[in-house]
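Me: Please walk me through this chain. I would like short answers with the reasoning shown.

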Amino acid sequence: MNGFEFRTAPNIQIQTGGAERLAGFLGRATLSTKRVFFLTDQVLLDLGVVDGALQSLREAGFDVHVCADVVPDPPEGMVLAVTQLAEEFQSELVIGMGGGSTMDTAKIVAALLGSDQPLSQMYGVNQITGERVPLVLVPTTAGTGSEVTPVSIVTVGDTRKMGVSSPVLYPDLALLDASLTIGLPPKVSSATGIDAMVHAIEAFTSRIKKNPMSDAAAELALRKLHKNIERVCVDGNDIQAREQMLIGAMLGGQAFANAPVAAVHALAYPLGSLYHIPHGLSNSLVLPAVLEFNAKAAEDEYAHLASLIGLNGTSRALIDEMKRIAEATGIETRLSEVGVPESALPKLAKDAIEIDRLLINNPREVTFDDALACYSSVY
Ligand SMILES: [Zn+2]
């Protein structure tokens, strides 16, 4: 067997209700820190989702600057503006509490505070040369797994999604508190949960870095997510199911942090860039088409995953089950339903096939015509 590596965050706390005791989990990395830059978004702030964590920090004596400026598909300008606020506050610790956009932004802010390297030189794989300040990530959706990945996605210019991937971006602490996900509407629970399932599926078929540990994480992720995704859509208050979803999404993150995602994500990104379709829904929309396309090369892996979740062991069963879940949970399943004009499909295909960093992981090569056929089949 060829050598491989498996990295993850050094401290992962699964603590339902833990956000209200956040200060108590901070530990060694933050011992000498006093000034906290607390990053979230306006919706979570207005809903009071972050109140318990803020109270915990203030009671423990931290100076906290709350910034709720994060917007979806983090634009580079927003990331830099937020970093300037963090600098002005002389922040010593960055806490990101929110969805993938918030956690991705927090990662970059922590890296920019820790060195003089400009963001423009950080894009790509292993390009960060400096250190970062202490970083804590607290997800409020069960989807991206960003709390345990070394990746941050930034939108550059109007529509270009660029990735920063570096071990520097693993946080010191990931706190998983299922009570933070209780209020998620069914459609968000579904789309983000399907995204997490895609992480597991794509990591399991990742061509270059797939390894026994990423496989184990992907398998357990898929089982937990499959078992609970419909439960949380039917009853959002089912805290046990919520916790299993959060653990499943984290495991999916661990899987793809080490065995990267591929064509589903490559085809999903242009939908986010060009039409601001949320990341989870973008993935869910293109998933059946890409699975159909890949099945020729990944039949054995898909069949294995199908049997793992109680289906008969064929790629067909896995594809049909993913379609069924999207329909059963009521999310959109066609591009025509989410405001994408048919005339845009060639542009989407052109953008998708340029995302080499993802496509090199795909079990099959994807040409422009292949990508276009995938989009057309789910239009
Ligand atoms: Zn994803």
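Reply: One definition to start with: two strands pair if DSSP finds at least two bridges between them. The model is predicted.

Me: In which sense do E7 and strand E8 pair, and over how many bridges?
Reply: Strand E8 covers residues 160-165. In E8, Arg-160 is the bridge partner of Val-156. Pairing needs at least two bridges. E7 and E8 pass that test in the antiparallel sense, with 6 bridges.

Me: In what order do the 3 strands of the open sheet lie?
Reply: Strand E5 (124-125) and strand E7 (151-156) are the edge strands, and each pairs on one side only. The pairing in this sheet is mixed. The order is E5-E8-E7.

Me: How many helices and strands does the chain have, and what is its radius of gyration?
Reply: The secondary structure comes to 14 helices and 9 strands. For 379 residues the globule rule gives 21 Å, and the chain is close to that, so it is as compact as a globular protein of that length. Its C-alpha trace spans about 55 × 45 × 40 Å along the principal axes. The radius of gyration is 20 Å.

Me: What percentage of the residues count as buried?
Reply: Buried means under 20% relative accessible area. The chain exposes about 14,900 Å², and carbon and sulfur atoms supply 51% of that area. Of the 379 residues, the buried share is 58%.

Me: Among contacts between residues at least 6 apart in sequence, what percentage join residues at least 24 apart?
Reply: A contact means heavy atoms within 4.5 Å. Take the contacts in the chain between residues at least 6 apart in sequence. The share that joins residues at least 24 apart is 77%.

Me: How many residues of strand E4 are buried?
Reply: Strand E4 holds residues 93-98. Leu-93, Ile-95 and Met-97 point one way, Val-94, Gly-96 and Gly-98 point the other way, and all are buried. The strand is therefore largely enclosed by the rest of the structure. The count is 6 of the 6 residues.

Me: Which strand does E4 pair with over 5 bridges?
Reply: E4 also runs parallel to strand E2 (residues 35-39), joined by 4 bridges. There, Phe-38 has Ile-95 as its bridge partner. On the pairing in question, Met-97 stands opposite Val-138, and Gly-96 has Leu-137 as its bridge partner. That parallel pairing over 5 bridges is with E6.

Me: Are the residues of E6 buried or exposed?
Reply: Leu-135, Leu-137 and Pro-139 point one way from E6. Val-136 and Val-138 point the other way. The strand is mostly covered, and 5 of its 5 residues are buried.

Me: Which residue of E9 stands opposite Leu-137?
Reply: E6 and E9 run parallel. They are joined by 2 bridges. Opposite Leu-137 in E9 is Ala-174.

Me: Is Leu-180 buried or exposed, and where does it lie?
Reply: Leu-180 lies in the loop between strand E9 (173-176) and helix H6 (186-204). Not counting residues up to four places away in sequence, Leu-180 touches Ala-19, Val-49, Met-97, Val-138, Pro-139 and Thr-140. Buried means under 20% relative accessible area. At 10%, Leu-180 is buried.

Me: How far apart are the C-alpha atoms of Leu-180 and Asp-195?
Reply: Along the chain, Leu-180 and Asp-195 are 15 residues apart. The separation of their C-alpha atoms is 19 Å.

Me: What is the phi of Asn-126?
Reply: Asn-126 is in the loop between E5 and strand E6 (135-139). Its relative accessibility is 52%, so Asn-126 counts as exposed. Asn-126 is not a glycine, yet its phi is positive, about 55 degrees.

Me: What relative accessible area does His-276 have?
Reply: His-276 lies in the loop between helix H9 (263-275) and helix H10 (279-308). Its phi is positive, near 50 degrees, in a residue other than glycine. Exposed means over 50%. His-276 is exposed, at 55%.

Me: Which ring does the charged end of Lys-210 sit over?
Reply: For a lysine, NZ must be within 6 Å of the ring centre and within 35 degrees of the ring normal. The charged end of Lys-210 is 3.7 Å from the centre. The ring is that of Phe-204.

Me: Which residue lies over the face of Phe-89?
Reply: The distance from the ring centre is 4.2 Å. The residue is Arg-35.

How values were computed. Residues numbered from 1 in each chain as written. Predicted model: local features only at pLDDT ≥ 70, side-chain atom pairs only at ≥ 80, totals over all residues. Heavy atoms only, no water. Rg over C-alpha atoms; globule rule 2.2 N^0.38 Å. Buried < 20%, exposed > 50% of the residue type's maximum accessible area, 1.4 Å probe, protein only. Areas by Shrake-Rupley, 256 points an atom, 1.4 Å probe, with all protein chains shown as cover.
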